[in-house]
Amino acid sequence: MRIGSPKESYIADEALFRTRTQWVWLWLLLAVLIAYPFVANLYWLFLVCLISINIISATGLNILTGYTGQVSLGQAAFMGVGAYTVAWLDNNTGSPFFINLLAGAGMATLVGLIAGLPSLRVKGLYLAIATIGASFILQFIFINWESVTRGTRGINIEPPSVLGVTLDNPDTFYWLVMPIMVVMVLLAANLFRTRIGRAFIAIRDRDISASVLGINLPFYKLMSFGIASFYAGIAGGLYAYFFGAINPESFPLLMSIFFLAAIIVGGMGTILGSILGAIFMTLTPEILRYGVDILSPYIDNAPQILSPLRTAVFGALIVGFLLFEPHGLAEIWRRVRRFFHLWPFRT
Amino acid sequence: MLVSKLARQLMAPVAAIALALGGAFPTAWADNDEIVLGGSIPMTGPFAFAGLQFDRGLRDYVEWINRQGGIEGRTLRYVGEDTGYQQDQSVAVFRRITSRENVNFYFGDSTAFQQTINRELDRRDILMTGASFASELNDPERYPLQFLLGPDYSEQVGILLSYIAEESPGARVAFIHSDTEFGRDPIAPGRSKAEELGLTVAATIVTPPGAADISSAALELRRARPDYAIFHGYVLAPIPDFIQRARQMGMNTRFMGTYYTMDQGIINEMGEAADGFMGVMPYRYYYDETGPAPIMDAIRELHGDYQTTTYTQGWLTGVLITEIARETLRAGKPFTGSNLRETLDSLSDIDTGGIFGQPVNFRGNSIPLGRIYRADVSQGQMVPVSDWIELE
Amino acid sequence: MHILSVDGLTLSFGGVHALRGVDMQVAKGSITAVIGPNGAGKTSLFNSISGFYRPQEGRVVFQGEDITRLRPPHRAALGIGRTFQNIALFRGMTVLDNVKLGAHVRMRTGLLSALWYLGKARREEAEIRKQIEREVFDFLEIDHIRRHPVANLPYGLQKRVELARALAMRPKLLMLDEPVAGMNREEKEDMARFILDVKEQWDTTVLMVEHDMGMVMDISDQVYVLNFGQLIAAGKPSEVQANPEVIKAYLGSGDIHSLRQRLGGKTRAA
Amino acid sequence: MDWLFFFEITLAGLGTGGLYALTAIAFVLIYKATRVINLAIGEMLMVGAYLFFGAAVGWALPWWLAIILALLGGGALGMVLERGVIRPLLGENPISVFMVTIGLGSILIGMVELIWTANPRSLPNFFPTDPIFIGEAFLAPKTFWSFVVAAVVIAVFLLLFRFWRGGVALRATASDQGAAYSMGINVPAVYSLAWGLAGVIAAGAGILLGSIGGISSDMGLFGLTVLVVVIVGGLDSVLGALLAGLLIGWMESMAGVYLGGEYEHLVTFILLMVVLLFRPWGLFGTREIERL
């Protein structure tokens, strides 16, 4: 059992991590993150890199959808914009990778802002539909703007190199993607300690009172859209470097739904939710694979049910969480923590 | 290296935890007496019809060759997992299999995946082939460690066009293709090839992916009045629909297809309407008994009923790998991808046991050889209407 | 001197007139009340002043500036704060965050400094927190619930938090839409005291819509009476109370009973 | 300009447009009754087509019986979805309900692939195959007959909507739920009815669509174009759904022939963006006045 600790100043009271226990866990987590590449094999490193990229994108989408209440089905397409920008720069200018990454994120932000324009006119669900439209139009551009995107053939990207080390494998790439992910998550967490983050939440909860408090709705909605696209752009750029090749089919509408599912399952409107959701959704196919392996002696053609099962489970997770645990894994986590916090006393 | 060694020791307790959590650990190196072929196989999803047959074919071949004593005394082992024909899953499967096994050869299930993984192949020095016949991959400069299991799509269209130019010089040809990476592949080279051969390109018709209704495209086709129409980028739909409408509109265009549309399925699914449908096929059909074909005999011995061409493709993969591995072993070279590739380049007039109707040679990454078959509904079979055509 | 004046305001929804040529002046430093039977257009008037409705005719002038065309956030930035009839708090947030939102227009943190949360952003957050603690929480006696989620609070406290949020703006004009509706007597008295204190200590002008005649008569300096979207009376509470038009309006709307009751209640309380 | 050709393309486009209109009506029905934007409408359509396939090919039933079974199955599916998933969420944030329908679409695809695999199939043909000529213009028989069927179904539906008791209850509920309740209309039953009817219509559209171009588990993508149709027409307007359906069918045909097949969907989605920017409530939709 742990008791409340007195705060000495308002700054301390406003800190992200307030108790000693939290700091201990944080250092422990950091230690695990540093140790991980030395103990895991390449496959598990590959998964963790992929998860990190997904966390970045999911965090961005959560800022827009979870915190600001604007549904977007365009996250994958904006990742595509980032990825293509990075790929083009890599092939044509040879500029260093972090410049490319930022340029990709910038381009994604720009495109996101344009796609977000309907949010000025229309509320809620119309925006979701507008983002579907934007996805299709972007997809068309990826396919048909051959001089830049090489059309359906796709583009190959050289692995990034930092200080002479070529990051061409998960064990090295990890050291790039993991710190970026941690920083991106921290930035998002910071955002919600300030007026801007509060304004986003206000727009989601009650846009009328928000505007009475002096919050300029179009401005903040667009800003939220821009931030989400920026995150998508970073994730997309990393994706391009990580996989080394992209094509128009790398960023389908289904991938946007994947991110939406990730934040629903993880918990909308919480940073932790983006993280848990991205981890969970990325690992779900793996978990299912083990499940099917276990079942295979009892079912004919067990491997053949895997992919349909994946699709169905994917949908079932969205539906199930929305129906039964709308606050997602983050809420379950909170309850578990609360239980141990008060342990051995029951509430 | 010292640092990482030290870290490994320090991290031993953490490692134990990670092991417990993930079951993840670098695995023992494969037995030296084995040759391992990994595969990202589309056993579910939209490409499952091909993936499942391929998987069966390859398994049967592996069993067959190992019964004959393997390759120079070594066992061939095949490790394939389902990808659902999704690029990210294909990569994940590749990562998983290669982190577990000491893979010598790999099979990829799509152009996109084979492109994506190319860098990794170079790094790991693994030789790859796959289900894709994309012209893009037929480039030894960019894709030095990949080879195709027949003519690339441009070459397939080229074979069709050569046949047309021979049969009716100056004919009008239309291309009908889906707006996908698969569909677009041979169109531009196909058009220039047609002009080169003195044919007229009457129309190039694009159908959007997943389009159910091709009414207006069919009207466009009628207006173009081509003598031949070449479909590419489809498996089945909307080919039957096009042909049916063309018949209703009183057209006498002859319709043609490429490898993935040319299986027996087209007769089974289309029935009467399939009669006269032609196309290019690099492999011998199960029932094609013209000429000696020991491998086809082995297949027929194993299965009394019709086996699809993708099943045969599974066998062909095995046969080619066997040839390459055997020659490499005989030369006493280590089993690296580059060495395997070197062997491949040195091979000539490869005997595929009759899967191809004549000994084959690689040009670049592909084998530009195929034959024109025509659907004969009364026999319920594809019958050859040309000799084996090899492009220069 | 008038801080707010409304000239000839006319507002209609698809042919139905909500307001017809309403004129109103709010004196700086006063408490002004708008009363009238249900559906008289009081809330429409409020919404036109805060900028949600765009009147077809007429002007709204705040501190000498014509704000008729400004959108709500800009009016808020000029110093118009308000509460809603049916509490419009952000239910998912804590009391503290709700009140901090009130200070939004007074803060300057930009996106970049918000993301990094170093120096400027951190200082500004701490500063605002200090101000809120000192000026608002202590004043409204809600410091003990600052970490509570709003949704779980009792009704009276929620009303108080909404007032706190509006005060965090440090508004020049504070508009209260039925501040004591649904409260028990003790809560009402607390609220009346807070409103008077706001006027005294905060140098803020109060404009309110209220049904509770007792409270209106007790604390208002000036009363406007609306009926069917038209202004039918204005003046000191005692003048309005005696105005036969007003009595008739409440009679016409069938509200005479409640009016009598309220007036009676007031007499007894006095 | 080849006017005959233009006319033929127009007819072909209207043929597709008829299917868009039919599916759009199912969509609008659900929206009017329950205010749910149902992104799973395309998948409901797909399930209907597969039910027909299962009955007609799997069980080898005569085609008319298979159609009846598929329509009933589609209706049952609509009702089950409403009762099991949508109703518990009514009154919640519309965004949650919207996302639930995305999840439902995914579940339906998974189920269909589990039962019938992802292989594309073709449906038995039950339309007459004699070519149709209007003047000199050729019209594919499938296109013609599916348009006729769609038109008849739409007409029947409109009559029902106007005169049948259930239809009246539907309209009453759509215009004012509270009033409908007080008039003694069983509102939950109306919800069920709306979803059930929409399921039947979607299944019918699926059978028609499948009989033209074959069926596959990704044919639900058709629903995305339908989404554009209803946005352009106005979410709550039956007339809008009809006209926008025909308009978009025609536009896609034109774009496909005169610009190229890759432009078909592009023009649709550009139209969507334009409508969202300049007239978000659609051509015939109600512009809602926001009251505080």
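User: How many residue pairs are in polar contact between domain 1 of chain A and domain 2 of chain A?

Analyst: This is a predicted model, so such pairs are counted only where both residues reach pLDDT 80 or more. Between domain 1 and domain 2 of chain A there are 3 residue pairs in polar contact. The salt bridge count across that interface is 0.

User: Where do the two domains of chain A begin and end?

Analyst: Domain 1 of chain A covers 1-39, and domain 2 covers 40-342. Their centres, taken over C-alpha atoms, lie 26 Å apart. Domain 1 brings 11 residues to the contact, and domain 2 brings 15.

User: How do I read the buried area there? Which residues of domain 1 supply the most?

Analyst: Buried area is accessible area lost when two parts are put together, summed over both. For the two domains of chain A the total is about 1200 Å², with 60% on carbon and sulfur atoms. On the domain 1 side, A:Leu16, A:Tyr36 and A:Pro37 supply 47% of the area buried against domain 2, more than any other three residues. The classes on that side are 9 nonpolar, no polar and 2 charged residues.

User: Now chain B. What are its domains?

Analyst: Each domain of chain B is assigned two segments. Domain 1 is 33-150 + 293-361, and domain 2 is 153-281 + 370-390. The C-alpha centres of these domains are 28 Å apart. In the contact, 19 residues come from domain 1 and 14 from domain 2.

User: How much area do the domains of chain B bury, and what share is on carbon and sulfur atoms?

Analyst: They bury about 1500 Å² between them, 49% of it on carbon and sulfur atoms. From domain 1, B:Phe133, B:Ser135 and B:Thr309 supply 33% of the area buried against domain 2, more than any other three residues. The rule finds 0 salt bridges across this interface. Polar contacts number 11 residue pairs.

User: Which elements build the domain 1 side in chain B?

Analyst: Look at α3 (48-67) and α14 (309-330) of chain B, each supplying at least two residues of the side that touches domain 2. α14(B) gives the most, with 3 residues. By class, that side of domain 1 of chain B has 9 nonpolar, 9 polar and 1 charged.

User: Between chains, which pair has the most contacts?

Analyst: Start from the pairs that touch. There are 5 such pairs of chains, and chains A and C have the most contacts among them. Chain C puts 43 residues in contact with 32 residues of chain A. By contrast, chain B and chain C do not touch, and 32 Å separates their nearest C-alpha atoms.

User: What holds for area at the interface of chain C and chain A?

Analyst: About 3300 Å² is buried between chain C and chain A, 64% of it on carbon and sulfur atoms. C:His104, C:Leu115 and C:Tyr117 supply 19% of the area that chain C buries against chain A, more than any other three residues.

User: How many salt bridges does the count give between chain C and chain A?

Analyst: Just 1 salt bridge. It joins the side chains of C:Glu125 and A:Arg198, at 3.2 Å from N to O. That N to O distance falls within the 4 Å cut-off. The interface of chain C and chain A also has 11 residue pairs in polar contact.

User: Which element gives the largest share of the chain C side?

Analyst: α5(C) does, with 6 residues of the side that touches chain A. Elements giving two or more residues there include α2 (72-78), β6 (80-82) and α5 (120-140) of chain C. By class, that side of chain C has 22 nonpolar, 8 polar and 13 charged residues.

How values were computed: Residues are numbered from 1 along each chain as its sequence is written. Chains are lettered from A and ligands numbered from 1 in the order in which they are written. This is a predicted model: local features need pLDDT of at least 70, side-chain atom pairs count only at pLDDT 80 or more; totals for chains, interfaces and linings use all residues. Side-chain values use heavy atoms; hydrogens and water are left out. Domain bounds come from an automatic or database domain assignment. Contact means heavy atoms within 4.5 Å. Buried area is the accessible area (1.4 Å probe) that two parts lose on being put together, summed over both. A polar contact is a pair of N or O atoms within 3.5 Å; within protein, one must be able to donate a hydrogen and the other to accept it, and residues adjacent in sequence count only if both atoms are side-chain atoms. Helices (H or I, at least four residues) and strands (E, at least two) are DSSP runs, numbered from the N terminus. Ala, Val, Leu, Ile, Met, Phe, Trp, Tyr, Cys and Pro count as nonpolar, Asp, Glu, Lys and Arg as charged, and the others, Gly among them, as polar.
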